[in-house]
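Please look over the structure below. The report that follows takes its helices, strands, cores and chain contacts in turn.

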Amino acid sequence: MRDDVVVLVIAFGYLALLFVIAAWGDRRAEQGRSVIGSPTVYALSIAVYCTAWTFYGSVGRAAEAGPGFLLIYLGPTLAMLMAPLVIRKMVRIATTHRITSIADFISARYGKSAGLGALVALIALVGTTPYIALQLKAITLSHAVLVDYVPESPMATAEASFWTDRSFWVALVLAVFIILFGTRHLDASERHEGMVAAIAFESLVKLAAFLAVGIFTVFVLYQGPGDLFRQVAASPALTDALSLESVPGGALGWVGMLVLAFLAFLGLPRQFQVLVVENVDERHIQRAAWLFPLYLLVINLFVIPIAMAGLLGGSGEDPDSFVLTLPMAAGVDGLPVLVFIGGLSAATGMMIVETIALSTMVSNQLVMPLLLRSRHLHRGHSGSLANRVLGIRRVAILGILLLGYSYHALIGDAYSLVTIGLVSFAAVAQFTPALLIGLYWRGANRLGAGLGMSAGILVWAWTLLIPGFAQSGWLNADLLTQGPIGIDWLRPYALFGLEDWDIYTHSLFWSLAANIGLLIGVSLFSRASPLEQTQAALFTEALHPRLDQTSLWRGHTLRGELRALLDRYLGTAATQRVFADHAPDDADDQSASTALVARAEQALAGALGNASARVLIDSVVRGEALDLDAILRILDTTSETLEMNRRLEQKSRELARIGQELREANDRLRELDRLKDEFVAMVSHELRTPLTSIRAFAEILRDNRDLTEQRREHFLDVVVRESQRLSRLIEEILDLARLESGRLTLEPHRLDLAALTRQALDAMHHPLEERGIALEIACEVDTAEVIGDPDRLEQVIINLIDNAGKFADAGMPRISLRLTRHRRGFRLAVADNGPGIDESERERVFEKFHQLPHPDAGTTRSRPRGSGLGLPISRGIVAHLGGRLWIENDCDLGGACLVMELPEAPAISPTPPDMLLSQ
Amino acid sequence: MNAPHRKERLVALIALATMLFTPPLLLIADRLDGGLPLYLFLAWGSVIALMAWLMEDRRGE
């Protein structure tokens, strides 16, 4: 026995602490130093998912259903993995449309339908009040265990009047708390900073308490996990409890429960509240997407050890209370109280958020639409309605908590914790199809969503709720075994003969089939109103980068009328805020801008819900406020524009590239043109020089008949030599032309390159000697069999030597010639001791007409010698023979080195070489 | 979601998690004696670690 007064003081002291934290949170928010602006606080507030059901019920479920209890947390883990995609979109929409609850969200999505909002609110109320009752039941039970626990004796909860039931007073204290911190602002879409701070704190408390009892169990009651699981392994019954066999419904039941937990997590009003409505910053979702699943993992870490330890103890207590009874049986003093506080925090956290969410729904989706229909409401004075809405919400809070308490007090004992929780889950799971499908499919409409949800909740009632009543003994249990009035196929747990499924998977299957089937089917075969289509487009395209709602307005109203409307419903201060950015009061007779109308509707939506805001705005705005065609056009044109932009960018990049190429080509062409002009000038000059002398000497010969024979012969010699030079030049030009056009005819033979080189050297010996050029020859091979046209090859060799001679050092001209074998060919390298050629210039040397400036540039002999055709022609010939010709730097002489490489001739075959070559 | 392939990686992780948490992989884990809870916690922890790595990777933003 424990002193009840101490427990009470601690419990209510803890609740008082929540008040302090919430007040501090709100104070900080007013000072602009929000405490909840952190992703960690956001993740902790999502942990309101872990209720007393987790705290006490998980152990109970693990004791009965083995690892199946984890499904309740794996489903949300999957949902949170999708959060960066799905929740982010919901948050974006909620911010734009000032969404206040999940009912408001669904109502706004389906054409701001008041009916649909009311339906969601009703389902939420019916579906989650038992869940609140569950929390109260957990508080009552845990308190009873704490105070009246006698080890080794079955516990009996004494029947007592409500004023002695602690949970009644807890409910009342919570009502005060929620009224204080949950209804501070009329605008329910605004954050409840103090409340979120308190919730985050509660999440820490329950985690710490559960970990404490877990660590106590594993490391104090047993010598670590190894010891505990050795004892578990010794008992086959316990080992079996850890396998899939103990999960109701086996593998199918497993999947069903996973889907149920996933859907319920997204559909639970309190989760929507903390995930979407209370979200401060979209980026927080990224952290919460892994931190919240981590929280779930950690809080579940000790569930199995505690359950196993409880079962091993075998004291016959309710497994739901193991968390408390284990430390109490061990006779520890402080820990049970800590556990009780942990359970209390889990229960109160859930009740606080759930009640705020439900009260907002009740006031905005159930009561306001009714009030708006009554005439006299529209004649209140400034702000009167704002107070009335807050009043409604406060009454709703009290009502919901009392409803939860009545449920708990009257019928709560009929169900175990988990049963109530799962029935509740199955009810709220009916929201998720309309929510998710509506988020991504523009075609889903109001009628489909309404019928689908109604059908889903009816099937839920038939397959889960009513059988529950039957099991509690309020209805004839024959309903379960024989069906209503003996109709066999309507049996609630085996609808249409679907037997042997666990009841939750069974119910989920039929209710979702009806729900989704009708949602999609009806949507496909019915028409949506323009407003529905507009809202559908705004929701499905919420992440569209250029969607700006305010630009889509077309309504007309006077500013004065708008101001009066806002004043009546929101009060003066809120009205001032809406009009803050606009001109002063004297402009009241002017028509309101579209942006102002949009702001006004958003402000109303934040306070009263989208459907009611719509009704109110419609009462003063003439003309169509929102236009679907305009939205669709904007969406289409923007996506079209984006696509066009992308294509244009691609095209312009292509154009830029082509332009660059063209510019380069043009530069090359200019260069070639310039070279050609130079060449023509040079060729003309070269041609004219011999021509001039030929003509001059011919004229002398014609005019001076009395010349001596000796002089005449000399002149004739000159004429002949100049003619030869002329024809050689013309021959070169013709060669080049042939090379260019590919008409150069070569007559390849097997020949000895070494012999050919010697022959060329003989021819060049005299001219080189005349110019005083020293020649070094290094022939490393005796014979070098290649295939080539001897005349042309000799021409090439002579050209190379001549070239080297031209560029050799003017003072001490030296050139070297080396014939070597290189792999399967021969190399003939001709080097000079001139200045060498720059790396960048080397390839250009082989361009026709190109002439290197002579090393003596600047002196009188600055004009390049030669036609500039020798090397291009040489390279053309060598290439024709399958070889290569290039320039490198010569290491020995320090100048340039022209290297010609020719492949070795194939080994002599019986076929005469000429025959081979002619093939 | 700006980093390259972030969205695709996320979708792949969701698919992986779904596969790990459902039969038939589950049935395989169940064959190990009493190993199902251990498998679930390990798979769960790995998925969370991967998600944390994916979400907290600030490169490319």
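## Helix α25 of chain A

Nine of the 12 residues of α25(A) are buried, so the helix is largely enclosed by the rest of the structure. This is a predicted model. The buried set includes the nonpolar residues Leu562(A), Leu565(A), Leu566(A), Tyr569(A) and Leu570(A). It also includes Arg559(A), Arg563(A), Asp567(A) and Arg568(A), which count as charged.

The helix covers residues 559–570. At 1.5 Å a residue it should span 16 Å, and its end C-alpha atoms are 16 Å apart, which agrees. Gly571(A) follows α25(A), with a positive phi near 90°.

## Chain A overall

Chain A holds 34 helices and seven strands. Of its 919 residues, 47% are buried. Sequence-distant contacts are well represented: among contacts between residues at least 6 apart in sequence, 83% join residues at least 24 apart.

## Nonpolar cores

In soluble globular proteins, nonpolar side chains tend to be buried together. Here the largest nonpolar core has 226 residues. Those with the most contacts inside it are Ile106(A), Leu260(A), Ala261(A) and Ala426(A). Helix α7 of chain A, residues 114–148, gives the largest share of this core, 20 residues. Apart from this core lies another, of 35 residues. Among its members are Ala760(A), Phe807(A), Leu885(A) and Cys897(A).

What does Ala426(A) touch, beyond its neighbours within four places in sequence? Its contacts are Leu260(A), Trp460(A), Leu464(A), Tyr504(A), Ser507(A), Leu508(A) and Ser511(A).

## Helix α32 and the strands around it

Helix α32 of chain A runs over residues 790–807. Its 18 residues reach 26 Å from first C-alpha to last, close to the 26 Å expected at 1.5 Å a residue. Its buried residues include Leu793(A), Val796(A), Ile797(A), Leu800(A), Ile801(A) and Phe807(A). Arg792(A), Asn799(A), Asn803(A) and Lys806(A) are buried as well. The buried residues of α32(A) pack against α31, β3, β4, β5, α33 and β7 of chain A. Phe807(A), at the end of the helix, also belongs to the 35-residue core.

Three of these strands are paired in series. β4(A), residues 814–822, and β5(A), residues 825–832, run antiparallel and are joined by eight bridges. Ser816(A) stands opposite Ala831(A) in β5(A). The two strands form a hairpin with two residues between them. Arg823(A), in the turn, has a positive phi of about 50°. On to the next pair: seven bridges join β5(A) to β7(A), residues 896–903, again antiparallel. Phe826(A) stands opposite Leu902(A) in β7(A).

## Unusual backbone in chain A

Most residues other than glycine have a negative phi, and most peptide bonds are trans. Arg98(A) departs from this, with a positive phi of about 55°. It lies in the loop between α5 (86–97) and α6 (102–109) of chain A. Is Arg98(A) buried or exposed? Arg98(A) is buried, because 24 other C-beta atoms lie within 10 Å and 20 are enough to count.

Lys112(A) is another such residue, with phi near 50°. Lys112(A) sits in the loop between α6 and α7 of chain A. Lys112(A) counts as buried, with 27 C-beta neighbours inside 10 Å.

## Chain B and its contacts

Chain B has three helices and zero strands. Its elements run α-α-α from the N terminus. Of its 61 residues, 23% count as buried. A cis peptide bond joins Pro23(B) and Pro24(B), with omega about 5°. Pro24(B) lies in the loop between α1 (6–21) and α2 (25–31) of chain B.

How many residues of each chain meet at the interface? On chain A, 26 residues are in contact with 24 residues of chain B. Helices α4 (71–81), α12 (250–267) and α14 (284–300) of chain A each supply at least two residues to this side. The largest share, seven residues, comes from α14(A). The chain A side divides into 21 nonpolar, four polar and one charged residue.

Methods:
Residues are numbered from 1 along each chain as its sequence is written. Chains are lettered from A and ligands numbered from 1 in the order in which they are written. This is a predicted model: local features need pLDDT of at least 70, side-chain atom pairs count only at pLDDT 80 or more; totals for chains, interfaces and linings use all residues. Helices (H or I, at least four residues) and strands (E, at least two) are DSSP runs, numbered from the N terminus. Two residues are in contact if their C-beta atoms, placed from the backbone, lie within 7 Å. A nonpolar core is a set of buried Ala, Val, Leu, Ile, Met, Phe, Trp, Tyr and Cys residues joined through C-beta atoms within 7 Å. The expected span of a helix is 1.5 Å times one less than its number of residues. Two strands pair if DSSP finds at least two bridges between them.
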